[in-house]
Amino acid sequence: MGRIRLSGNLVCATEEEAKRVREHLPEHTLLTRAEPGCIAFDVAPTDDPLTWSVNEQFEDRDAFDAHQQRVKSSEWGRATIGIERRYSIDELPR
């Protein structure tokens, strides 16, 4: 089983959504980077103030699935529900 990479964009429809992202992103980043199996986690603003570039990498599918499960019930998950995610998920060779 290879590493899992998620990449793409988090796209807000309104400034209110962008405000929620900015408010909750620092804690979400800290918690995610501390998860077992997290190799890389970067969410950065783009030239568009409503769009963030997202790049994540996890050791394996189990670590990625655990991350996804945690996020669903997290403060970040609740605050950003409904915000568009344009992601691709790839398995990388070891």
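Which residues does S7 touch, not counting residues up to four places away in sequence? I opened my notebook with that one, and I kept in mind that this is a predicted model.

**Entry 1: S7**

I found that S7 touches V54, N55, R86, Y87 and S88, once residues up to four places away in sequence are set aside. I then looked up where S7 sits, and it lies in strand β1. Is S7 buried or exposed? S7 is buried, because its relative accessible area is 19% and the cut-off for buried is under 20%. I also checked a distance across the chain: S7 and Q57 are 50 residues apart along the chain, yet their C-alpha atoms are separated by 8.7 Å.

**Entry 2: R86**

R86 turned up among the contacts of S7, so I followed it next. I placed R86 in strand β4, which covers residues 84-92. Its own contacts are S7, G8, N9 and V11, again not counting residues up to four places away in sequence. R86 counts as partly exposed because its relative accessibility is 48%, and partly exposed runs between 20% and 50%. For a distance, I took R86 and E75: they are 11 residues apart along the chain, and 21 Å separates their C-alpha atoms.

**Entry 3: the helix α1**

Next I turned to helix α1, residues 15-33. I noted that α1 has 19 residues and reaches 26 Å from its first C-alpha to its last, close to the 27 Å expected. Where does the kink in α1 lie? I found it at L25, shortly before the proline P26, with a bend of about 45°.

I listed the buried residues of α1 too: E17, A18, V21, H24, L25, H28, T29 and T32. L25, where the kink lies, is one of these buried residues. What covers them includes the strands β1 (3-11), β2 (38-45) and β3 (51-58), along with α2 and α3 (75-80).

**Entry 4: R22, a residue of α1**

I picked R22 in helix α1 for a closer look. R22 counts as partly exposed because its relative accessibility is 42%. Leaving aside neighbours within four places in sequence, I found R22 in contact with E15, P49 and W52. R22 and P45 are 23 residues apart in sequence, and their C-alpha atoms are 9.5 Å apart in space.

**Entry 5: α1 meets α2**

How do the axes of α1 and α2 cross? They come within 11 Å and cross at roughly 145°, with α2 made of residues 61-72. I wrote down that the crossing is right-handed. On the α1 side I found H28, L31 and T32, and these meet H67, R70 and V71 in α2. The residues of this contact divide into two nonpolar, three polar and one charged. I went back to my buried list and saw that H28 and T32 are both on it.

**Entry 6: A66, a residue of α2**

My last stop was A66, which lies in helix α2. A66 counts as partly exposed because its relative accessibility is 45%. I paired A66 with S53: the two are 13 residues apart in sequence and 22 Å apart in space, C-alpha to C-alpha.

Terms used:
Residues are numbered from 1 along each chain as its sequence is written. This is a predicted model: local features need pLDDT of at least 70, side-chain atom pairs count only at pLDDT 80 or more; totals for chains, interfaces and linings use all residues. Side-chain values use heavy atoms; hydrogens and water are left out. Axes are lines fitted to C-alpha atoms, for helices over the stretch in contact, and angles run from 0 to 180 degrees between N-to-C directions. Helices (H or I, at least four residues) and strands (E, at least two) are DSSP runs, numbered from the N terminus. A crossing is left-handed if the near helix is turned anticlockwise from the far one by less than a right angle, and right-handed if clockwise. Contact means heavy atoms within 4.5 Å. Ala, Val, Leu, Ile, Met, Phe, Trp, Tyr, Cys and Pro count as nonpolar, Asp, Glu, Lys and Arg as charged, and the others, Gly among them, as polar. The expected span of a helix is 1.5 Å times one less than its number of residues. The bend at a residue is the angle between axes fitted to the seven residues ending there and the seven starting there. Buried means under 20% relative accessible area, exposed over 50%, partly exposed in between (1.4 Å probe, protein chains only).
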